[in-house]
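Hi everyone, thanks for making the time. I'd like to walk you through one structure today, starting with the whole chain and then moving to a few places I picked out. Here it is on the screen.

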Amino acid sequence: MATLKKWWGSICEYPWISVVIGLGLLFILVVFITYGVSLGPRSHDHTAWSSFGSMLAGVFTLFGSTATIATLLFLNAQFKEQQKVTAKQIQAVTFEQYVNHRKLFFDRLKEIEESLDGKIKFKNHDNLYHNIFPQNSPHQCLFTVEIVSGELAKVDDLSDMQSSYILLKGMLEKSQWLPIEADNLVRHLIMMPNALSFLHVGNEYDGDMELEGYNFGINIYSINEYVIRVTTILNAFLSFTGNTPVPSLDNLAESSELRKALIQNFEGRYAAKHGLFPIKKIKMIDELARLHFWIDQAKDIAGNRMFLKAWQKLNILFSSKLKVNELKDSRTYKEMIKMFFVELHESQGKTVPNSHEFKIVDKYFSKLREIENGLNN
């Protein structure tokens, strides 16, 4: 009974194949009946039987051809059904790949945030994914992205991110810096998070660039830290998309000339550039920076550096935002100024009145006294 139901189900599923087989069988039956009616009673004539055999051969050939055609039609129908099933399976696999790929990408974003000590946070994960993988959808999932030239790049896509890096590298490859060039560098750096789609969420430090209350995390005393940050993020995206990472720019961003240009460009005496202000809560920090640059030029008549201890101390101090922010402790700050006064008095005892060195010592005393008075007030 079950076999009969299965057979009937096949007929219902492919009725046109059943019609072909039925017509073939009906035609064979008609031939047999026609031949039987024409032949009459069983004959003993060998010629008649020979003709009957030829007829049987033709009929069975026709039946075999009909069966072959029906089989081919059936196989073709089965193949089309299998194609539909395969297409649905491929769609299901593609959708699963897409979902897993997005999840893996989002997990990678969390890993990047953790690797940068939680100082950044990616904004819209979904938008960032589609900026990097614009071709991906539930119907298509590509795992690699081709980098194109800057002219062909689209805003905020991976090629645009790498173009920003190339521009940054070109800006950092300088041995001498003007304040305006440092200003252009900062303007470029504040645009890079838009493409890389991250926000600064770390602690506040003196020297951090701020715009309308938002802290970019770009510190004029430790610009290399921010450069490392954007390079790390870009390299993570490049590796995830099957591209070669870019070289580190840390050594270029540690230039003392660049740091000096940054400090001078955003010094408190001048108007803020394009709305940006460095956070400055440490007393007399601008005066101390100017003292640093002045001491760098303070030399005796023979060209030897004067106030060497102060020069070395200030070099170390302004080489890092962490060092600068140690001055938030007023006792530390005042102890340093006392140390400078001690060295000043030592130098004063070695100078001749009205000499070149005496004038420099006297000027140094005025600068130190200004900072000391500012701290006490």
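Let me begin with the contacts. Among contacts in the chain with a separation of 6 or more, 69% are between residues 24 or more positions apart. Please keep in mind that this is a predicted model. The chain has 377 residues, and 37% of them count as buried. As for secondary structure, there are 14 helices and five strands.

Now let's go to helix α5. How far apart are the end C-alpha atoms of α5? The helix runs over residues 158-172, which makes 15 residues, and at 1.5 Å a residue the expected span is 21 Å. The end C-alpha atoms are 21 Å apart, so the model agrees with the expectation.

At the start of α5 there is a detail I like: a side-chain oxygen of D157 comes to within 3.3 Å of the backbone nitrogen of S159.

Which residues of α5 are buried? They are L158, S159, M161, Q162, S164, Y165, L168, M171 and L172. If you look at the spacing, recall that an α-helix has 3.6 residues a turn, so residues three or four places apart point the same way. The helices that the buried residues of α5 pack against are α4 (125-132), α6 (179-196), α7 (223-240), α8 (250-253) and α9 (256-265).

Let's take α6 next, since we can see the packing with α5 from the other side. H188 sits in α6. Is H188 buried or exposed? Its relative accessibility is 13%, and the cut-off for buried is under 20%, so H188 counts as buried. Leaving out residues up to four places away in sequence, H188 touches S164, L167, L168 and M171. Of those, S164, L168 and M171 are also among the buried residues of α5.

P179 is another residue of α6. P179 has 31% relative accessibility and therefore counts as partly exposed. What does P179 touch beyond its neighbours within four places in sequence? The contacts are A261, Q264 and N265. With Q264, the C-alpha to C-alpha distance is 6.3 Å, although the two residues are 85 residues apart in sequence.

Following the chain out of α6, we come to S197, in the loop between α6 and β2 (198-200). S197 is buried, because its relative accessible area is 9%. Again not counting residues up to four places away in sequence, S197 touches K121, F122, K123, N124 and L128.

On to α7, where we find N224. N224 has a relative accessible area of 14%, so this residue is buried too. Outside the window of four places in sequence, N224 touches D250, A253 and E254. Which of these makes a side-chain polar contact with N224? That is D250, side chain to side chain, at 3.4 Å. N224 also has a long-range relation to S320: the two are 96 residues apart along the chain, and their C-alpha atoms are separated by 9.5 Å.

Now the pocket, which I suspect some of you were waiting for. The largest pocket has a volume of about 310 Å³. It is lined by 18 residues, and the closest to its centre are P134, Q135, V145, E146 and D157. Two elements, α4 and α5, give two or more residues to the lining. Which element gives the most? It is α4, with three residues. By type, the lining divides into nine nonpolar, six polar and three charged residues. You may remember D157 from the start of α5, where its side-chain oxygen reaches towards the backbone nitrogen of S159.

Before I stop, two backbone spots for those of you who check torsions. E212 is in the loop between β3 (208-211) and β4 (214-219). Its phi is near 50 degrees, a positive value in a residue other than glycine. E212 is exposed, because its relative accessible area is 81%. The other spot is M284, in the loop between β5 (276-278) and α10 (285-297). M284 is not a glycine either, yet its phi is positive, at about 55 degrees.

That's my tour. Thanks for listening, and I'm happy to go back to any of these places on the screen.

Conventions. Residues numbered from 1 in each chain as written. Predicted model: local features only at pLDDT ≥ 70, side-chain atom pairs only at ≥ 80, totals over all residues. Heavy atoms only, no water. Helix = DSSP H or I, 4+ residues; strand = E, 2+ residues; numbered from the N terminus. Expected span 1.5 Å × (residues − 1). Buried < 20%, exposed > 50% of the residue type's maximum accessible area, 1.4 Å probe, protein only. Contact = heavy atoms within 4.5 Å. Polar contact = N/O pair within 3.5 Å; in protein donor to acceptor, adjacent residues only side chain to side chain. 1 Å grid on protein atoms, 1.4 Å probe; cavity = no way out; pocket = protein on both sides within 12 Å on 5 of 7 lines; lining within 4 Å. Points joined across faces, edges and corners; volume = space filled by probe spheres on them. Nonpolar A, V, L, I, M, F, W, Y, C, P; charged D, E, K, R; others polar.
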